[in-house]
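Visitor: Please take one part of this model and look at it closely. I would like a connected account rather than a list.

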Amino acid sequence: MVSSISGYIVDALNRTVHGAVVKMRGDGVIDKISYCKDPDNVFIVPGFIDSHVHIESSMLTPSAFASAAVVHGVIGAVCDPHEITNVLGTDGVKLMLESASQTSFVFGFGAPSCVPSCRFDFSGACVGAKEIFELLRLPGITHLGEVMCVGEVLDDDPNIHMKIRMALLNGKPADGHAPGLTGLSLEKYLFSGVSSDHESLTVREALDKIRRGMMIHIRSGSAAPEFESFIPLLKQYYDLCMFCSDDKHPDDLVRSYINGMAAEAYRQGVSVYSIVKAACINPVLRYKLPLGLLRQGDTADFLIIRDLPSFKPEKVFLRGNLVAENGHSLITSGYVEERNVLNARPVTEEMLQVKACGAHHVNVIWPVKNSLVTKRLTMSVTDVNGTIEADREANVQKIAVIDRYSPEIPPMVGFVKGFGRMSGAIASSISHDSHNIVVVGSDDCAMCEAVNCVIASKGGLAVADLHGRITSMLRLPIGGLMTNGDAETVASDYKRCKAAAMDIGVDLVAPFMTLSFMTLPVIPEIRITSRGLFDVKSSSYLPVVE
């Protein structure tokens, strides 16, 4: 326990920087902040908070995630555990809370509002109003997780409105998920009680939401790094903005985090006060996190930064204890029980065939680069012995979803454009939000081998070459989403899978992250689920072949 720290305090609440000595009690509380004329040449800043993240996307348990995050000055995270909840039900939330309790890092978990994500998705659990009521009473639950079922809110579905009301009556905010929502529909969504959003498609849309009083999470995630275009919002609307990652793969987590977002905002001319307000203070206030904000009587939770523009922490303190120093974590990871539900049976090449049936065109999913949005394409097809195959030269691959919960349901097979001129396949048991097995590939043999490797491993990532040989895999035995490994090890294994994907021709920056979002039926425009090809705008299923 360090008793005092000298430096320049960055006081974002009062928008001042002043020399001070911060004295701490033995219980980790700031006893006194005294003015100092000649302080040490360092800056004292509140710790960073990720205002919206799915820990599961890091493939780490919460305690292992915490150990990696503190290196970057992140001392708290507001989490929506709906990924593991789709697999294990409310027991998944409790598993996350158990792991979180093994570290001093501060987590605020949401009660997942949309499990499954909407009425057109099917997962391993269904969390209704009764379950939400019980979750909201658990210690560590700080809010209602993102309300993704926008259509059900606008259609006055009583179940989702009951969930929102229960959260508000418990004094806990309801987070949103409303891509493309504007005008009267946005007004109705806000009137339901939802008060934040991390899915704005444009700056204009985000401004519309801000001007109506909505808080905006500015995101820089592994699959959606659109942070830079939203930075200008911070200059005027810093009171209504927060930083978030949403989804952070392990290699990205090891490299940089919220500190990198802060540094980029500073480079673009945003004041240090506005940055600290959005990156450190606003999430603590919104979610009532038990973290100090550099005031007398607060817990001693702060960073020591020597080069302020870089926002690279030299030391990180939680409750007055040093938890990271010079890029090294001083907290250890815990261990949680390996639990899973994966009932899928091995697939055969015949199960992945798409019959031509005299068709001339197919509906194709096209993921927009550096975005979670997809577009619908209609493309002409070639009949190969009565079936439709991937077209390597046209950069069109097959994509299939294998239901992990109900083995009697046959694979759903479609087409996707944009993964590169592949010669093989990649598969994953991470597919938002139901987390069925998803695979994309150039031929049925490689796709089968990749899928069957994931099934045999009880969850994970796999890469198969054109000959059907598994060239890389990462086992994820906790829900098919996470492992008990540490961040460095998991990041290394994940990078090997990414490299193997590149070796077979995938040319996406985050291939497995992009693949995982091809199945999420709540972000425009077109997705594939275990039940069919889904048009998000019309909330209806489409034929694969036309």
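Guide: What follows starts at one helix and works outward to its surroundings. The model is predicted.

The part chosen is helix 1, residues 62-69. Eight of its eight residues are buried, so helix 1 is largely enclosed by the rest of the structure. The buried residues are Pro62, Ser63, Ala64, Phe65, Ala66, Ser67, Ala68 and Ala69. The cut-off behind that word is a relative accessible area under 20%.

Within this helix, Phe65 deserves attention. Setting aside residues within four places in sequence, Phe65 is in contact with Val53, Ile55, Ser58, Leu60, Ala77, Phe107, Leu253 and Tyr257. Phe65 also belongs to the largest nonpolar core, which has 183 residues. Together with Phe107, Phe243 and Phe419, Phe65 is among the residues with the most contacts inside that core. Helix 13, residues 272-287, supplies the largest share of the core, with 10 residues. A second core is separate from this one and has 13 residues, among them Ile5, Met24, Ile30 and Leu294. In soluble globular proteins, nonpolar side chains tend to be buried together.

Several contacts of Phe65, including Val53, Ala77 and Phe107, lead to a sheet. This sheet is open, has five strands in the order 5-6-7-8-9, and is paired in parallel. Its edges are strand 5 (48-53) and strand 9 (174-176), each of which pairs on one side only. On average, neighbouring strands are turned by 25° against each other, with direction ignored. Strand 5 is joined to strand 6, residues 74-79, by four bridges, and the two run parallel. Ile49 has Gly76 in strand 6 as its bridge partner. Elsewhere on the sheet, helix 4 (residues 129-136) lies across strand 7 (106-111) and strand 8 (141-147). The angle of helix 4 to strand 8 is about 145°.

Another contact of Phe65, Tyr257, leads to Asn259. The backbone nitrogen of Tyr257 lies 3.0 Å from a polar atom of the Asn259 side chain. Asn259 is located in helix 12, residues 258-267. With a relative accessible area of 9%, Asn259 is buried. Not counting residues up to four places away in sequence, Asn259 touches Phe48, His72, Ser310, Phe311 and Pro313.

To gather the threads, Tyr257 is in contact with Phe65, and its backbone nitrogen is 3.0 Å from a polar side-chain atom of Asn259. Phe48, which Asn259 touches, brings the account back to strand 5 (48-53), one of the edge strands of the sheet.

Conventions: Residues are numbered from 1 along each chain as its sequence is written. This is a predicted model: local features need pLDDT of at least 70, side-chain atom pairs count only at pLDDT 80 or more; totals for chains, interfaces and linings use all residues. Side-chain values use heavy atoms; hydrogens and water are left out. Buried means under 20% relative accessible area, exposed over 50%, partly exposed in between (1.4 Å probe, protein chains only). A polar contact is a pair of N or O atoms within 3.5 Å; within protein, one must be able to donate a hydrogen and the other to accept it, and residues adjacent in sequence count only if both atoms are side-chain atoms. Contact means heavy atoms within 4.5 Å. A nonpolar core is a set of buried Ala, Val, Leu, Ile, Met, Phe, Trp, Tyr and Cys residues joined through side-chain atoms within 4.5 Å. Two strands pair if DSSP finds at least two bridges between them. Axes are lines fitted to C-alpha atoms, for helices over the stretch in contact, and angles run from 0 to 180 degrees between N-to-C directions.
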